[in-house]
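Trainee: Could you walk me through reading a model like this one?

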Amino acid sequence: MATPVMAARADPAAPAPVRPGRVVSINLCTDQLLLRLADPGQVAGIGPLARDPKLSVEAENAALVPQVSASAETVHALQPDLVLAGRFGATAAAAALERLGVRVERFRPADSVTTIRAGLIRAGQLLGPQAERRAADEIARLDAHAARLEALATALPHRPRALMLRADGSMVGPGGLAHAMLTLGGFSNIMAERFNPDGRARRGGDWRVELEAAIRAAPDVILVETMPGAAPALVHRLPRHPALARLTALGGTAPDIIEVPGNLLVCGLPDALDIAERLLRVATRLAAPPQAATTREEAGS
């Protein structure tokens, strides 16, 4: 596992940083960091998407704080001491707020346990001493969870091969949070081992290739990202793709098709490791020697 990111040692002669009393977030992922770490009454506003359980693991808490649109005028009217933003999205609003003299702190998308940890450390430092303590507690749980999963994944006889399909039909390739959780969950990603990205369109860590070609690479399992409760869209049509339907018709010789809740992979929070936990149970079953798997099945019957 990557070496933990350590917070810089404070200079005892330096004045303590001022705790911001009013904090606004204009990014879905910083919304959730803020909700998780902030003191009561410290949140002056977050975006509307944070209330959507299809996208946010903090939807219930988000309903209890003010909602704000990501426009410079609306945010500035709230007189925030600090605005949290992402590197992408609402960039014009963030730049306008800076020109108005508002402190804006941008966060990069998390793509690994290391960057999840770094985001927690930085958010805690920005929000104040109590938030730092909450962040430290989150990091302790994150590190313990990651270490346990990595040890179990390393002990597998072999890593089963997985193909992971995004809700929009793209396929998860190397890089990005979904790939990191796939690896931590004991799988190897067939998009890394069988496909060369040269000449193929890329979007973040996702690759677009023909589904039929990916299936011919013979994955042991196909993971399909789901968004329960979402409006009818590609996410609902994907499981009915003809290539997947033909696989289902093969019965016992077909790879498993398993749904993965997409809201846990939208942002880099410790909750993302719950995906790796679920995947590791599947990987453990698939990697077991046939005799051991049969014995377990007989014992459970």
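Mentor: Let's take confidence, then a helix pair, then rings.

Mentor: This is a predicted model, where local features need pLDDT of at least 70, side-chain atom pairs count only at pLDDT 80 or more, and totals for chains, interfaces and linings use all residues. Residues are numbered from 1 along each chain as its sequence is written, and side-chain values use heavy atoms, leaving out hydrogens and water.

Trainee: What is the mean pLDDT of the chain?

Mentor: Where pLDDT (the predictor's confidence in each residue, from 0 to 100) is low, don't read the predicted coordinates in detail. Here the chain's mean is 82, with 75% of its residues at 70 or more. Residues 1–16 fall below 50, and so do residues 293–301.

Trainee: At what angle do the axes of H5 and H6 cross?

Mentor: Packed helices are described by the angle and the distance between their axes. Helices are DSSP runs (H or I, at least four residues), numbered from the N terminus; axes are lines fitted to C-alpha atoms over the stretch in contact, with angles from 0 to 180 degrees between N-to-C directions. H5 (residues 113–127) and H6 (residues 129–154) have axes that come within 8 Å and cross at roughly 170 degrees. That makes H5 roughly antiparallel to H6 (over 145 degrees).

Trainee: How many aromatic pairs are there?

Mentor: The structure holds 0 (ring centres of Phe, Tyr or Trp, using its six-membered ring, within 6.5 Å).

Methods: Rings of Phe, Tyr and Trp (its six-membered ring) pair if their centres lie within 6.5 Å; planes under 30 degrees apart count as stacked, over 60 as edge-to-face and the rest as tilted. Helices (H or I, at least four residues) and strands (E, at least two) are DSSP runs, numbered from the N terminus. Angles under 35 degrees count as roughly parallel, over 145 as roughly antiparallel, 65 to 115 as roughly perpendicular and the rest as oblique. Contact means heavy atoms within 4.5 Å.
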